[in-house]
Amino acid sequence: MPKRTDVKHILVIGSGPIVIGQACEFDYSGTQACRVLRAEGIRVSLVNSNPATIMTDPEFADATYIEPITPEFVEKVIEAERPDALLATLGGQTALNTAVALHERGVLSKYGVELIGADIEAIRRGEDRQRFKDIVRAVGGEVPESAVCRSMDEVRTFVSEHALPVVIRPSFTMGGLGSGMAHTAEELERMAALGLSESPVHEVLIEESVLGWKEYELELMRDHQDNVVVVCSIENIDPMGVHTGDSVTVAPAMTLTDREYQRMRDMGIAVLRAVGVDTGGCNIQFAVHPETGRMVVIEMNPRVSRSSALASKATGFPIAKIAAKLAIGYRLDEIRNDITGETPASFEPTLDYVVVKVPRFAFEKFPTADAGLTTTMKSVGEAMAMGRSFLEALGKALRSMETPGAGMWTGPDPEGTTLASTLQALRTGHDGRLYTVERALRQGATVRQVHEASGIDPWFLDQIGSLIELRAEVIHAPVLDAALLRRAKGAGLSDRQIALLRPELADEDRVRSLRHRLGVRPTFKTVDTCAAEFPARTPYHYSAYEFDPAAESEVAAQRQRPKVIILGSGPNRIGQGIEFDYSCVHAAMALHEVGYETVMVNCNPETVSTDYDTSDRLYIEPLTFEDVLEVVHAEQVSGTVAGVIVQLGGQTPLGLARRLADAGVPVLGTPPTAIDLAEDRGAFGEVLATAGLPAPPYGTATSFAGAKRIADDIGYPVLVRPSYVLGGRGMEVVHDEASLESYINRATDIAPEHPVLVDRFLDNAIEIDVDALCDGREVYLGGVMEHIERAGVHSGDSACVLPPPTLGRQEVEAVRRSTEALARALGVHGLLNIQYALKDGVVYVLEANPRASRTVPFVSKATAVPLAKAASRIMLGATLADLRDEGVLPATGDGATLPARSPVAVKEAVLPFHRFRTPEGRGIDPLLGPEMKSTGEVMGIDITLGHAYAKSQIAVHGALPMKGSVVLALADRDESLGILLAERLAGLGFHVLAAQGTAAFLRRNGMDITVVQDGDGEGQHARRIQEDDITLVIDTSHGNHPERAEGSELRTAAVSRGVPYVTTIQGAVAVVRGIEEASATEPEVRALQDWHHSH
Amino acid sequence: MARAAAALVLEDGRVFGGEAFGREGSCLGEVVFTTGMTGYQETLTDPSYHRQIVVATAPHIGNTGWNDEDNESQRIWVAGYAVREPARAPSNWRSRRPLEDALDREGVVGIAGIDTRSLTRHVRQFGAMRGGVFSGAALAPHTEMVARVRAGRAMAGADLSGEVTTGAPYVVPAQGGKRFTVAALDLGIKTSTSRMMTARGIEVQVLPAAATLEEVLALGADGVFLSNGPGDPATADAQVALAEQVLDRGLPLFGICFGNQILGRALGRRTYKLRYGHRGINIPVIDAATGRVSITAQNHGFAVEGEPGEEFATAFGRAKVSHHCANDGVVEGLRLLERPAFSVQYHPEAAAGPHDAAPLFDLFVQLMEGDMNA
């Protein structure tokens, strides 16, 4: 059956902010869905609170609602839009949960909206663990055996029928409290008894352990005629016990015979049918016992998932796009495979390469968090690499991480490790476990020993073992000849790694020149879904070193249009995420439109930029100098390269600018010299001085004595940080000499080439963020954003408002003058982001980055001006005047002169504290500081600041507290504002509780306040949250003791319990204002397109 | 241990350079590629690959070693094996020995380290062609190797059934109670095919390729099965004649792969050689009656002429192109509409490959039960 004709208008729900476990893969899938549906002539309405996404670009839907993804708000959208159908299987768990809630509230039936892609019953069958287990058994599959036990006798009976180890999970405890694995009878007795007592219903689930079993996933698709295909098999190198999002994974599966694989395929299809996912994609996880081959089904996701995005990029089979087509009635065989252009989508991709995905973690941002890997996902991003062998792909994936360890042997071995300690370390999953595997083997462990310790399949271990043999060959070869060099490259070693093994080559530049002299260069192969069985139309490439002299490269010649190479931003990390992908994608769209061939280079499989539809050509490659240079070479051989864009992908490509320029590669836009100027603190200081711009006094030091001298000179508090860092890494506000000394002592990597920067900290200053365009002469202010939190909170973690609510015209003009002066002084061609601090009427320059910033998409959506598109045009020679003429930019005015009727847009950060626990199981203190910790952001847009802020908070927390109790714990300096807040909260009907000091103050001011004892412990706070119906925690008490790092148990309890919390007084003021406005008038929803047309 | 140098040489003169894999020496055959990512053991032991040098597009081969259960016949049949990266150490709970030991034991000459993708693209573009692998002492000057390749036999016109068939009849007993007896003409039959039938209560009487109708009838067979196998179906006149006699008698008939081509010829259709064939385990086949898609295992270089869904007259009544390939419209199945006979070009027994088409064996049972509407 072809497309349904009765569905003319579909509402798509996105996944909201980027959080751990739900990242930009759902922007990729949602964007694909929107594209597909609109191409089919269907009206698309969209709800997503995340402004950094491509899908929320007004051009991707007919009506784009940047509103909270809650049943209440989505109902408002449904009421306004009256769609025929709801597509919720492409927006992750958030969208699926919202759809279920809308169904349960009767909203869907009330408005006659059909849920397409998956029905409610199928969703429930897939997600209810017990029902799912029953289904698997019913179709002849196995699941881990388990039993709910209410006494020790029942526990012992289960274990006598099965075997140890078992997993013990007490029912209804918080955050997995009391859960664990019992390996021995003693452990069982102890842990099960504890679990029974911890459980409020005295009940534990005892489950057969599959820890250490081999772990696999299948990605399946089904159409309404029951045609099913398996798109991809994925093997987790980390066996069961580590969340698949935190595992190093490989596609296709490497260690299954056809018999085993087909058994898995049969089971996957049977489960899919029994669960009843009628159309669309799903993901099923399996565990396989390594010694018996016994296979159990672990779980399924009845929707497009992170693994689907990975599978799509790994195979070239666009799961989300096809899921959208299936949802509107197409069959798989009616959908064309874009890549071959001839064959239908009703086939199973086959790979002639290997794909490796490596997770990226951010534990350095959360030093108190337990860095051990478990079944709870903790990684913040991932990189994918392809190669013609596992090792080649692994090597490329490891260096795509952009962490200090960029492949084997790039970092020193940890000191004092022995074979025994290394093997011990392998017993638990951890970031960089494969490095530990390599070390263990190099220290003399056998493959069997490493397998026993880690559970990793011996095939992978042997592969890593072969790297150690190769390492010895490279070290000991009298001459590094072409054959050995080629083998080293084929095993995924970078030039840098080879240089480290061959001291006479000094550095990677020498290795590269040797390699080029010997003619050892990569071939570029094509991802074609079919292992070359059919010609591929889509230029989707990866590099590979071949040994065969007959090996071909497949980059087609294209000499008609000049090419622009856009460097992406690599794996998501805190400080560099989807916002940069947004800008890269915009450049690809804008430049394609004006006649360039766009070439994207990136290694992040979650993104829109790595969709083969986004650019004219796509390379999945690490964003290292070596790999980028080879792509540039391949493109130069096949046509004319106008240049490389480095300023849109964040710090990653920016960091390559200088070396690319030195290698003769044309860098488009702001020249590398200007980039250096902005990054070198001394040179930048001179620029500011010359331009007459005030900046906080500062100095650089390489010792405590030097730092102390500077601090004494400029006065405390000071902001200290290492030079050349990302996302405020290692940045601290220091209030006295003792803590300065402690900071310097902790900063181990201080050296003359890495000095510490010491800036005067502008206490209580208003922070202002500006995104601007400059064509070398004229400057366009994209937006002037005022932060809600005061200076000292990283700009990525603070809420900001556009247009700035408290800045006067004079202050905005001062910002404009400074921005113009700086843009010209630096020689910016393209985007520039500047952070200012306003204190006592003076606008200080804090820092300037001549690149796209995190706020570019937010500003673009708030003001309806595509800044990244304009920037990419400027980089290729357009002037602001040209762009105003073309209508890319408004004919007059800019983002600092918005009309009075413009809506207010609020950007709020989304923080991951609740994902982490200390090794002792306690929560993490959610304090904000100069080091960025947020993973994503939401946007609230409305007529008033109060409503816009309220929406942003609802988008973060799911709801704004409207009643219940609020706890206040304020720093002394916040108390005067606190009394006002307390009164307003009481007036709103909240029951106000306070910490001892705050309560005393409030009592003196005539409020009768219940006291919450300090030092009650997280558990007691958590209990009180439940008992006293605490719905909001305002805790700024750390302001009293800024030097004391210990956490507040009240705050950690709020984080663990998912209660909205505020840790700054400015945030508290904004929240109260939001609650007031939201209780006075219900916030309305409005499409971005309507906001933009109305002003 | 360094491997000896090796070359894969094509009749058009193109050479791919790599290392010896398996036995050192030389081999000649038709160079074909298979895109399956699993199942090399089944592929290597599939008699249909007789006289072919098989190129595996999957880059890692041998990871799961060689076990005692997955052979599809008594020996490795491929003429040569070309891979990119063989496993150093296999890892699987069923593995008994490394793949390379199995190759070496049976004297199979292979090549590793070549760019299998470039080779595949070449074959796709210029067609399956004669080639040779030469390693170690067998390496020779280019012109000499090309000359040897060109002196080899071409696949078109090759009659190979006699080279792979069983010397004497044998029986594979039914599992559970015996319900039917099927005479299976061994043109290169796979173990899994017999297993699929015996699991359905069929006693499989395997007969040599030259078996006659009398021999079939003497078994009291309820049905006749024509197996897969190597070679050019245009040469299989004897088997075509047998098929005609079986159809004439109205005995239920089921053919797979080579068997499909024989039925096609018996129904008056011609066969032709595909440029590079269908070899893989991901190939979509559309059932013309239902429109549904099966993902199938395939391994054929020849095909029956016809159009998707086409109905045509035969000496045995009307027939239909019941299945076709969704990729290119090639005939993938035939069915007589008035007599109990059907065949498919793909492999419902799978091994290696997906099990989507397994119900075709049930259809055969239903035809033997006399249900023409099945």
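Colleague: What share of the contacts in chain A with a separation of 6 or more comes from residues 24 or more positions apart?

Modeller: The share is 71%. A contact means that two C-beta atoms, placed from the backbone, lie within 7 Å. This is a predicted model: local features need pLDDT of at least 70, side-chain atom pairs count only at pLDDT 80 or more, and totals for chains, interfaces and linings use all residues. Residues are numbered from 1 along each chain as its sequence is written, and chains are lettered from A and ligands numbered from 1 in the order in which they are written.

Colleague: Why is chain A called as compact as a globular protein of its length?

Modeller: Its radius of gyration, taken over C-alpha atoms, is 29 Å. The globule rule (2.2 Å times the number of residues to the power 0.38) gives 31 Å for 1095 residues. The two values are close, so the chain is as compact as a globular protein of that length.

Colleague: What makes helix α30 of chain A mostly covered?

Modeller: Nine of its nine residues are buried. Buried means that 20 or more other C-beta atoms, placed from the backbone, lie within 10 Å of the residue's own. Among them are K869(A) and R873(A). The helix spans residues 867–875; helices are DSSP runs of H or I, at least four residues, numbered from the N terminus. Across chain A, buried residues make up 61% of the 1095.

Colleague: Which phi does G877(A) take, just after α30(A)?

Modeller: G877(A) has a positive phi of about 110°.

Notes:
A residue is buried if 20 or more other C-beta atoms lie within 10 Å of its own, exposed if 12 or fewer, and partly exposed in between; C-beta atoms are placed from the backbone. Helices (H or I, at least four residues) and strands (E, at least two) are DSSP runs, numbered from the N terminus.
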